[in-house]
Each structure stands twice: as structure tokens, then as C-alpha cells.
Amino acid sequence: MTSTTDKPSVLVVLATGKMGTGITDAFLATEKYAVYGTSRNPRHPTLLAKGATPVEFQFGDKESITRALNVSKANVVVLITD
């Protein structure tokens with residue numbers, strides 16, 4: 001299996017919402033991406049259990065999304081508005 005650093009990264013914004021959960025799961029299932037998911041909780045237990053890396057994010061906070069992009073080094077960004 002390829003190491004996480006060898007995989008392109010995807011950042012799913014609102015990864016723990018209704019739609020974000022399914023999208024996060026789909027990316028994880030491919031095993032082709034290092035998956036990062038935004039959450040208010042930087043240690044979100046569900047994201048960690050699935051194998052995604054939680055990234056702290058506060059909706060509406062411009063600095064917060066900038067940090068999430070920098071941490072994930074995302075090649076792909078998925079933004080969902082439920």
C-alpha cells in the first residue's frame with residue numbers, strides 16, 4: 001500500500017454533515033487519497049476512526065479555511081452546503 005504522503009490529498013469541507021459523510025467515505029474507500037475532513041473538533045472521533053484526518057474549521061472564518069488548506073495541502077477540495 002502507498003504511504004499517505006505519496007497520495008494526492010482531498011479536503012472535504014463539512015465532512016461530518018449528511019452529504020459530507022458519504023463523500024468522505026467514498027474517497028476513503030478508494031484508498032487512493034489522503035483524506036482530510038473539516039470539523040469544529042480537530043480530534044473528531046468518527047473521522048479518526050474511519051482513517052480521515054480531522055482539520056479544525058469554523059464556517060465563515062476565512063483564516064480557518066486557509067489553515068485547513070495549508071494543513072491538508074489539498075489537491076482536491078470538496079465544499080458541500082447541506
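Which residues does serine 9 touch, not counting those up to four places away in sequence? In this predicted model, serine 9 is placed in strand E1, and its contacts beyond that sequence range are Ala34, Tyr36, Ser72, Lys73, Ala74, Asn75 and Val76. The residue is buried, its relative accessible area being 6%. A polar contact is also made by serine 9, whose side chain reaches the backbone oxygen of lysine 73 at 2.7 Å. Lysine 73 itself follows helix H3 and has a positive phi, near 50 degrees.

Strand E1 pairs with strand E2 in the parallel sense, and four bridges connect the two. Within this pairing, valine 12 has glycine 37 of E2 as its bridge partner. The connection from E1 to E2 passes through helix H1 (residues 18–30), forming a β-α-β crossover that is right-handed. On its other pairing, E2 runs parallel to E3, to which four bridges join it. One of the bridge partners here is glutamate 56 in E3, which is matched with serine 39. A second right-handed β-α-β unit is made by E2, helix H2 (residues 45–50) and E3.Strand E2 is mostly covered, with six of its six residues buried. In a regular strand, side chains alternate between the two faces of the sheet. In E2, burial extends to both faces: Ala34, Tyr36 and Thr38 are buried on one side, and Val35, Gly37 and Ser39 on the other. Serine 39, a residue of E2, has a relative accessibility of 7% and therefore counts as buried, the cut-off being under 20%. Its side chain reaches the backbone nitrogen of asparagine 41 at 3.0 Å. When residues up to four places away in sequence are not counted, serine 39 touches His44, Leu47, Val55, Glu56 and Phe57. Glutamate 56 is thus both a contact of serine 39 and its bridge partner in E3.

The loop between E2 and H2 contains arginine 43. This residue is exposed, with a relative accessible area of 66%. Leaving aside neighbours within four places in sequence, arginine 43 is in contact with Leu48 and Pro54. Arginine 43 and threonine 53 are 10 residues apart in sequence, and their C-alpha atoms are 8.4 Å apart in space.

Helix H3 (residues 62–72) has Ser64, Ala68 and Ser72 as buried residues. These residues lie on the same side of H3 because they cover an arc of only 55 degrees around the axis. An α-helix has 3.6 residues a turn, so residues three or four places apart point the same way. The buried residues of H3 pack against strand E1 (9–13), strand E2 (34–39) and strand E3 (53–56). Lys62, Glu63 and Asn70 are exposed, and they are carried on the face of H3 turned away from its buried side. At the start of the helix, a side-chain oxygen of aspartate 61 comes to within 3.2 Å of the backbone nitrogen of glutamate 63. Of the residues named on the buried side, Ser72 is also among those touched by serine 9 of E1.

Two aromatic pairs are present in the structure. Phenylalanine 27 and tyrosine 33 form an edge-to-face pair, with 5.1 Å from centre to centre and 90 degrees between the planes. Phenylalanine 27 is buried, at a relative accessible area of 18%, whereas tyrosine 33, at 27% relative accessibility, counts as partly exposed. The aromatic pair of phenylalanine 57 and phenylalanine 59 is likewise edge-to-face. Its ring centres are 6.1 Å apart, and the angle between the planes is 90 degrees. Phenylalanine 57 has a relative accessible area of 7% and is buried, but phenylalanine 59 counts as exposed at 60% relative accessibility. Phenylalanine 57 is also one of the residues touched by serine 39.

Key
Residues numbered from 1 in each chain as written. Predicted model: local features only at pLDDT ≥ 70, side-chain atom pairs only at ≥ 80, totals over all residues. Heavy atoms only, no water. Buried < 20%, exposed > 50% of the residue type's maximum accessible area, 1.4 Å probe, protein only. Arc of directions from axis to C-beta. Contact = heavy atoms within 4.5 Å. Polar contact = N/O pair within 3.5 Å; in protein donor to acceptor, adjacent residues only side chain to side chain. Phe/Tyr/Trp six-rings, centres within 6.5 Å; stacked < 30°, edge-to-face > 60°. Pairing = 2+ DSSP bridges. Right-handed = clockwise from strand over helix to strand, strands pointing away.
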